[in-house]
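Biologist: I should like to learn how the features of a model such as this one are read. May we begin with a single residue and work outwards?

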Amino acid sequence: MLGGAQLVAFAATADAARARTFYQDTLGLRLVTDDAFALAFDCRGTPLRIQKVKEVQPPPFTVLGWTVPDLRQTVTTLGKQGVSFERYPFLEQDGLGIWAAPSGTRVAWFKDPDGNLLSVSQSGAR
């Protein structure tokens, strides 16, 4: 039924100005609208709505992720822009915080200013 429908991604923020700076300037997403209810960004054709709420209780799992062509370069560039990557004692991660899944996909996690867990990954990377 929804297989042909456009997906819309959602996250939340309690500080819209800080979230706008992070998603627009740090991550490089194109802002579409900023209204009383949400910030809306375009992610290569997928709408991302960062809902404006009074309080954010981020879940302990990844809420948004991007597949990138060069994970090491992306992690390095984001790191230079002040993004800190998460370290997990139960995963073997390299010096940049990148974990290699058994499938060959490599993943690194970071948080937005509200604590939402985000990821960047490269499928089948070696």
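**From one residue to the fold**

Modeller: Ser121 is buried, because its relative accessible area is 12% and the cut-off for burial is under 20%. Please bear in mind that this is a predicted model. Ser121 belongs to strand 8.

Biologist: Which residues is Ser121 in contact with, leaving aside its neighbours within four places in sequence?

Modeller: With those neighbours set aside, Ser121 is in contact with Trp66, Thr67 and Val68, with Leu71, and with Thr105, Arg106 and Val107.

Biologist: How is the sheet around strand 8 to be read, and what is its strand order?

Modeller: One reads a sheet by its order, its edges and the sense of each pairing. Here four strands form an open sheet in the order 5-8-7-6, and the pairing is mixed. Strand 5 (62-67) and strand 6 (99-100) are the edge strands, each of them pairing on one side only. Strand 5 runs parallel to strand 8 (residues 117-122), and five bridges join the two. Within strand 8, Ser119 is the residue that stands opposite Gly65.

Biologist: Which helix packs on this sheet, and what angle does its direction make with that of strand 8?

Modeller: Helix 2 (residues 71-80) packs there, touching strand 7 (106-111) as well as strand 8, and its direction makes about 145° with that of strand 8.

Biologist: How does one recognise the face by which a helix packs?

Modeller: The general idea rests on periodicity: an α-helix has 3.6 residues a turn, so residues three or four places apart point the same way. In helix 2, the buried residues are Leu71, Val75 and Leu78. These residues line one face of the helix, because they fall within an arc of 70° when seen down its axis. They pack against helix 1, strand 7 and strand 8.

Biologist: Is Arg72, which lies in helix 2, buried or partly exposed?

Modeller: Arg72 is partly exposed, with a relative accessible area of 43%. Not counting residues up to four places away in sequence, Arg72 touches Asp94, Leu96, Ile98 and Arg106. A separation between C-alpha atoms is another quantity to read: for Arg72 and Phe85, 13 residues apart along the chain, it is 12 Å.

Biologist: What is found at the two ends of helix 2?

Modeller: At the N-terminal end, Asp70 acts as the cap: one of its side-chain oxygens lies 3.4 Å from the backbone nitrogen of Arg72. After the helix comes Gly82, with a positive phi near 95°.

Biologist: Let us turn to strand 1 (residues 9-13). How many of its five residues are buried?

Modeller: Four of the five are buried, and strand 1 is thus described as mostly covered. Its pairing with strand 4 (residues 46-52) is in the parallel sense, over five bridges. To read the register, one looks for the residues that face each other: Phe10 has Arg49 as its bridge partner in strand 4, and Ala12 stands opposite Gln51 in that strand.

Biologist: How does strand 3 run relative to strand 4, parallel or antiparallel?

Modeller: Strand 3 and strand 4 run antiparallel and are joined by six bridges. Arg49 of strand 4 is also the bridge partner of Ala40. The hairpin of these two strands has two residues between them, and Arg44 takes a positive phi near 50° there.

Biologist: Where is Asp15 placed, and what does its side chain approach?

Modeller: Asp15 is in the loop between strand 1 and helix 1. A polar atom of the Asp15 side chain lies 3.1 Å from the backbone nitrogen of Arg18. Asp15 is partly exposed, its relative accessible area being 31%. Its C-alpha atom is separated by 9.5 Å from that of Val56, 41 residues apart along the chain.

Biologist: Finally, how many residues does the largest nonpolar core have, and which of them have the most contacts inside it?

Modeller: This core has 25 residues, and those with the most contacts inside it are Tyr23, Leu48, Trp66, Phe110 and Val120. Two or more residues come from each of strand 1, helix 1 (16-26), strand 3 (38-43), strand 4, strand 5, helix 2, strand 7 and strand 8. There is also a second, separate core of five residues, among them Tyr88, Leu91, Val107 and Leu117.

Definitions and conventions
Residues numbered from 1 in each chain as written. Predicted model: local features only at pLDDT ≥ 70, side-chain atom pairs only at ≥ 80, totals over all residues. Heavy atoms only, no water. Pairing = 2+ DSSP bridges. Contact = heavy atoms within 4.5 Å. Axes fitted to C-alpha atoms, helices over the stretch in contact; angles between N-to-C directions. Buried < 20%, exposed > 50% of the residue type's maximum accessible area, 1.4 Å probe, protein only. Core = buried A, V, L, I, M, F, W, Y, C linked by side-chain atoms within 4.5 Å. Arc of directions from axis to C-beta. Polar contact = N/O pair within 3.5 Å; in protein donor to acceptor, adjacent residues only side chain to side chain.
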